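Please load the model in your viewer and keep the sequence panel open beside it. The stops below are meant to be followed in order.

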Amino acid sequence: LRLVLLDELGFDDPKLAIREAVAQVPWMGERLVVLHGHGRVWGPADLRAIRAEAAVLRPMKTETLQRLLDGPAGVRRTETSALSSLGVALRAVANGVGDASIEDAAAANANPSLRVLLAEDNPVNQRVAASILKKLGCVVTVAENGAEAVDAAAAQTFDLILLDYHMPVMDGLEAARILSARRGPARKIPPIFALTASVFDEHRRQCLEAGMDGILSKPIHVRALRDCVDSAIELRDRVSLEADPV
């Protein structure tokens, strides 16, 4: 079993952030122990919500750490991860999230210079998606909402745009309509994909009608994101060759 020591330090609402991270990456909950300060109380309900084994006050005592390393009675500990913050945890999570190896995917990616615009308001989802994309060799720009994505796309060139369906200020649908109109009816550069946890056909139809080229389901899987990146590279290179034939 993996033992994950996760420090809540640095987040306004660490209970929510950790709960969302565990929901997306189930193995974080195998043996999760939260390190916390005096200013926050983790009750039994809080621990159950994130499937945590315990909450330990900082600084951790040596005997407490040893007890955790020994593992539950009758269970042999096979792996330990000591993570200083949720951001570090999510970078580690990205190495194992989904159903394919990021390292293998990056090695298979012959052109690691894809420029990706990621519009996502949830900080946990931001870190997970950005970490995977960077592992795949992409250069990632993050926008907090659709309006920021529209402005970013006007200021620089991207090869792939990923838009969360639900965002404040401007949602993914409205941003997609604007971005799609800019590239014209005959152009598909850059491709635009929706990020959504919705399973409703109506939402998916709305995404396509707004000008998006595809949909990536949440939680994001490495294989699906890798396929999206590969298709964007292929499209970019094909359009480049057509514009400047050898």
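Select strand β5 (residues 115-119) together with β7, which run parallel and are joined by 4 bridges; strands, like helices, are DSSP runs numbered from the N terminus (E, at least two residues, for strands; H or I, at least four, for helices), and two strands pair if DSSP finds at least two bridges between them. In this pairing Val-116 stands opposite Leu-160 in β7. This is a predicted model, in which local features need pLDDT of at least 70 and side-chain atom pairs count only at pLDDT 80 or more, while totals for chains, interfaces and linings use all residues. Residues are numbered from 1 along each chain as its sequence is written, and side-chain values use heavy atoms, with hydrogens and water left out.

Add strand β8 (residues 192-196) to the selection: β7 pairs with β8 in the parallel sense over 4 bridges, and Leu-163 stands opposite Ala-194 in β8.

Now keep β7 (residues 160-164) alone, where 5 of the 5 residues are buried, so the strand is largely enclosed by the rest of the structure; buried means under 20% relative accessible area, exposed over 50%, and partly exposed in between (1.4 Å probe, protein chains only). Leu-160, Leu-162 and Asp-164 point one way from β7, whereas Ile-161 and Leu-163 point the other way.

Finally, move to Arg-40, in the loop between β2 (32-36) and α2 (44-49), which counts as partly exposed at 27% relative accessibility. Select Lys-15 as well: Arg-40 and Lys-15 are 25 residues apart in sequence, and their C-alpha atoms are 9.9 Å apart in space.
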